[in-house]
Amino acid sequence: MLVSPHILFNHCYGKYTIAAVNVFNMEQIHGLFAAAEYSSTPIIVQVTPVARNYAHPTMIMAMIKAAAKIYPKVVFSIHLDHGNETHALDAIDQGYTSVMIDASHDDFESNIQRTKTVVEAAHPRNVFVEAELGVLSGVEDDLSVAENHAKYTDPCQAKEFVDRSGCDSLAVAIGTSHGAYKFSGGKGLQFAVLEKIQQALPEFPLVLHGSSGVKRNDIDEINRLGGALLKNASGVTDEEIKKAIPYGICKVNIATDLRLLWTKVHRLFFAEHPDQFDPVVPGKMYMEAYKTFMIERFEVFGSKGKASALKLN
Ligand code: 13P
């Protein structure tokens, strides 16, 4: 069932968090919906502009709608991740329940004004708007931000930003970064900053981008099979995610972990079966591994079993 993030966040605030998972292809959509149905977990299916261009916006939406029919018990929202105004308007027209306008690289005033423009287009159509304040480092889509250009969210600006822009949730920069090389691995999440943001915005849903775990074993396995990932790859720990939930983190974004999984499954398969060239066999293995991975994540996020607990009409 397609629902607004309002419903999900009202239910989870302070108690558990919703996995918002980036999807690019059919295998990932199957894996995600299969896991959500198995665990009775509400999810946010999110799509970046690059994913929309890769599959085609119509194709990716059609695949998500097909998954909703194949897995009818799944409670989910469809979210545009890191869009600009054009992407957001297009996604609203397409029936997304939620859009992110990412003007976080602009100055404060411009971020407010651009977010407000999207809010004014989205709210009359009951579409939820996520905005971002502060700058994450790392690589997302075709944008790369160096660590020294990252900027934590300023808690003193958070309330003014939300009040003036009218956004419905706020992505905060508190030490995570996009991609496999997170500086949070060294410094960790900045809970003192997060606490101040929550004090400024009590009960307001906060979003944690860059939440992949980037497990050491997976990096080592990929490298053993011929990969060349850097040894300092690291992610957000399960303990950090659990600790962030009472501070109002209602949505945790994951993309990198599922890319690493794709790489691991395919490298292993072709290393063990060098004579094969059929995409169906490793594709099925990836879908199964994806499902298993997400079921384990839902346990950590505390969202297992919560789809049936939501009051939906
Ligand atoms: P990861 O790179 O940690 O998976 O984060 C993805 C993300 O935040 C998408 O918006």
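## Ligand site and a helix pair

An oxygen atom of the ligand sits 2.6 Å from a polar backbone atom of Ala255. The protein covers 100% of the 310 Å² of accessible area that the ligand has on its own. The model is a predicted one.

Two further residues, Gly179 and Asn253, place polar atoms by ligand oxygen: Gly179 through a backbone N or O atom, and Asn253 through a polar side-chain atom. The distances are set out below.

| Residue | Atom on the protein side | Distance to a ligand oxygen atom |
|---|---|---|
| Ala255 | polar backbone atom | 2.6 Å |
| Gly179 | backbone N or O atom | 2.8 Å |
| Asn253 | polar side-chain atom | 3.1 Å |

There are 15 residues around the ligand, and those that come nearest are Asp81, Lys182, Ser212, Ala255 and Thr256. By residue class, the shell consists of 10 polar, three charged and two nonpolar residues. Two strands each supply at least two residues of this shell: β3, which spans 76–83, and β11, which spans 249–254.

The remaining feature is a pair of helices. Helix α12 covers residues 256–272 and helix α13 covers residues 280–301. Their axes come within 9 Å and cross at roughly 140°. Because of this angle, α12 counts as oblique to α13. The crossing in which α12 passes α13 is right-handed.

How values were computed: Residues numbered from 1 in each chain as written. Predicted model: local features only at pLDDT ≥ 70, side-chain atom pairs only at ≥ 80, totals over all residues. Heavy atoms only, no water. Near = heavy atom within 4 Å. Polar contact = N/O pair within 3.5 Å; in protein donor to acceptor, adjacent residues only side chain to side chain. Areas by Shrake-Rupley, 256 points an atom, 1.4 Å probe, with all protein chains shown as cover. Helix = DSSP H or I, 4+ residues; strand = E, 2+ residues; numbered from the N terminus. Nonpolar A, V, L, I, M, F, W, Y, C, P; charged D, E, K, R; others polar. Axes fitted to C-alpha atoms, helices over the stretch in contact; angles between N-to-C directions. Parallel < 35°, antiparallel > 145°, perpendicular 65-115°, else oblique. Left-handed = near helix turned anticlockwise from the far one by under 90°.
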